[in-house]
Amino acid sequence: MSKQMPGAASVVKSDSPRVTTQDARRMTSGWWLLPAILAAALLLRLAFFTGYFGSDEVTYTEQALAIAQGSWKHSDYIGAVRLGISLPVGFLIWLLGRTELVANLWALFCSLGEIALVFLLARRFWGERAAVLSSLVLTFTPLHAHYAGRLMADAPLGFFLSLSFFALFSGDRSGKPIHYLGAGLAAGFVWWIKSSVALVFIPVFALYLIRERRFHPKWLIMAAGFVTMVLLNGLVFLFMENDFWKIYRLTISGVADYVQGQSMTTDPAFYLRLLFLEIKHTWFLGPLAAAGLLLWLRHPGQDDGLTRVALWGMGLVAAFSLFIVSFKPLLFITKQVNYSLVFMAPLALLAGYALSRLSPRLAILFALAVIIPLGTLGTALEQQAIHSFVANSKAALTFAGEHPGRDVFGMTNATRVSNYARLFADSPAEVPRIEDINWLAGHTPSARPGQDASPYIAYAIFDRQTADWGRQGTYSRLDHLPRCWTRLGDLEPRGMGLGGRAVAALAAASALLPGNLGRNLSTRLDALAEPRPATVFGIGPDCPPTDPD
């Protein structure tokens with residue numbers, strides 16, 4: 001028997017039967033299952049690696065590269081001071097080199113790590129079959145696989161949030177204070193990644209406090225771990241910028257203004273729709289998790305492990321749906337599709353539990369015929385959605401490189417793709433720049449010495465695919481472009497991955513379906529396979545600037 005904390009007997013509950021010799025042999029015999037699932041997860045994530053989109057990954061990577069080079073960039077933008085991203089990514093770049101794949105390793109490792117946590121928890125609670133099914137559900141949830149290939153905070157956020165619950169459950173199983181400390185440290189590292197998320201999810205632990213109906217010293221140990229990480233974060237900023245309260249100040253300042261100023265929804269039902277109606281990102285995760293929840297509701301006190309997971313999952317969904325950021329006016333927390341990664345682990349556990357109640361043959365059939373193929377298809381679609389969005393921006397960068405000596409102007413995403421490419425280039429100065437197309441309103445470009453012998457002093461690229469994204473200005477609409485610009489043709493999209501081939505094959509197959517079903521599906525897939533055109537305009541020396549007013 002493991003040694004427990006004094007007085008822990010009334011709190012620590014057994015979440016699985018005592019391990020017998022036969023159980024130990026069974027667990028040992030399946031040692032290859034977790035490595036096999038992680039290998040499948042790695043293959044899926046590398047095959048449909050996403051890479052650049054143009055959002056905060058540019059900011060994260062720029063900060064990480066600065067740290068890798070031994071410098072520290074001061075910024076008051078919250079995305080630039082998330083040390084839980086910039087420090088690990090910076091270390092990996094310093095260790096392995098400056099490439100996009102290396103910069104993405106932190107998100108990839110965390111995605112795989114969360115799958116491992118789900119496997120280990122499910123095996124502990126319900127056995128090997130549930131462990132395999134739960135981890136497969138998470139592995140092949142399209143959104144989870146997708147964000148393993150994005151240089152964003154979401155995969156690390158999901159991992160450390162899940163790690164905090166994993167450590168808590170381990171502490172309740174063993175009674176060892178080190179596990180409770182680990183739970184607090186993991187929760188504290190969430191503060192290093194996204195401080196606002198830490199403020200939202202920490203109250204979920206109160207559900208376990210209410211369930212136990214008494215205060216226990218373990219909560220103080222967890223609190224000590226959390227506070228330690230918050231203090232360490234503050235000390236870093238005190239040492240580097242003489243501002244101990246920087247993260248706290250940036251977190252609480254202007255939250256309501258931020259929510260009001262964004263187009264993102266605050267609808268409390270957003271995540272329920274994502275899981276049960278608009279299921280392209282999660283497929284059957286929502287319905288299967290609901291089935292596991294219903295099984296728990298039938299006998300809520302019968303399975304302690306299921307109770308823990310149900311509280312974990314329901315608590316996070318409720319917190320990220322109903323958390324109030326302002327009372328005057330009443331505003332709920334901002335909702336985004338990627339934020340749902342924070343509760344995918346417990347939902348995958350509930351789903352795996354529900355599937356494990358089926359007969360072994362039926363569960364295997366469902367995994368092979370539904371979870372794996374649909375998850376692979378969904379991940380391909382996720383990749384293609386991003387690649388299609390940025391394909392014209394990448395083509396614009398190629399065009400700029402082919403026309404030295406002439407300024408090239410483009411949409412916001414095109415300017416950011418040039419900045420992003422410069423981050424990883426061996427010679428950043430050789431990467432062509434793309435300037436904001438809206439600068440041309442009220443300004444006249446000038447030709448620079450170079451090899452381009454065309455009669456145009458500059459080029460402007462209007463990308464219909466990204467025109468509604470990013471900074472808006474005078475030239476954000478096609479009908480506002482000056483008449484003196486000469487249309488030269490459309491760019492050939494670049495940078496499509498394996499997902500593009502999958503979408504093209506689906507579009508061809510859907511055309512064989514009967515009637516309107518085939519036509520509608522084929523039309524949608526064709527739009528995903530090929531982005532809307534990006535048109536190149538030549539700007540002559542006699543073309544006057546347009547008054548932005």
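The paragraphs below lead through one helix, two cavities, a disulfide and a few single residues of this structure.

This is a predicted model, in which local features need pLDDT of at least 70 and side-chain atom pairs count only at pLDDT 80 or more, while totals for chains, interfaces and linings use all residues. Residues are numbered from 1 along each chain as its sequence is written, and side-chain values use heavy atoms, with hydrogens and water left out.

A convenient starting point is helix α17, which covers residues 304-322; helices (H or I, at least four residues) and strands (E, at least two) are DSSP runs, numbered from the N terminus. Its 19 residues reach 26 Å from the first C-alpha to the last, close to the expected 27 Å, where the expected span is 1.5 Å times one less than the number of residues. Of these 19 residues, 16 are buried, a word that stands for under 20% relative accessible area, with exposed meaning over 50% and partly exposed in between (1.4 Å probe, protein chains only). At the N-terminal end of α17, Asp303 acts as a cap, with a side-chain oxygen 3.0 Å from the backbone nitrogen of Gly305.

Another helix, α8 (residues 154-174), holds Ser170, which counts as buried at 8% relative accessibility. The side chain of Ser170 makes a polar contact with the side chain of Arg124 at 3.2 Å; such a contact is a pair of N or O atoms within 3.5 Å, where within protein one must be able to donate a hydrogen and the other to accept it, and residues adjacent in sequence count only if both atoms are side-chain atoms. A polar atom of the Ser170 side chain also lies 2.9 Å from the backbone oxygen of Phe166.

The structure also encloses empty space, in the form of four cavities of 30 Å³ or more. On a 1 Å grid over the protein atoms alone, a cavity is a set of points where a 1.4 Å probe fits but cannot get out, and lining residues have an atom within 4 Å of a point. The largest cavity holds about 110 Å³, and among its 13 lining residues the closest to its centre are Phe140, Thr282, Trp283, Phe284 and Ile371. Helix α19 gives four residues, the largest share of this lining, and the lining as a whole divides into 10 nonpolar, three polar and no charged residues. The second largest cavity has a volume of about 80 Å³, and its lining includes Tyr60, Trp106, Arg150 and Pro156. Helices α3 (57-68), α4 (83-96) and α5 (100-126) each give two or more residues to that lining.

One disulfide is found in the whole structure, a disulfide being a pair of cysteine sulfur atoms within 2.5 Å. The partners are Cys484 and Cys543, with sulfur atoms 1.7 Å apart. They link distant parts of the chain, 59 residues apart, with Cys484 in the loop between β5 (458-463) and β6 (486-490) and Cys543 in the segment after β7 (534-539). Cys484 is partly exposed at 33% relative accessible area, whereas Cys543 is buried at 8%.

Two loop residues deserve a look for their backbone angles. Most residues other than glycine have a negative phi. Arg213, however, has a positive phi near 65°; it sits in the loop between α11 (206-212) and α12 (217-241) and is exposed at 77% relative accessibility. Asn242 likewise has a positive phi, near 60°, in the loop between α12 and α13 (246-252), and is exposed with a relative accessible area of 64%.

Technical notes
On a 1 Å grid over the protein atoms alone, a cavity is a set of points where a 1.4 Å probe fits but cannot get out, and a pocket is an open set with protein on both sides within 12 Å along at least five of seven lines; lining residues have an atom within 4 Å of a point. Grid points are joined across faces, edges and corners, and a volume is the space filled by probe spheres set on the points. Ala, Val, Leu, Ile, Met, Phe, Trp, Tyr, Cys and Pro count as nonpolar, Asp, Glu, Lys and Arg as charged, and the others, Gly among them, as polar.
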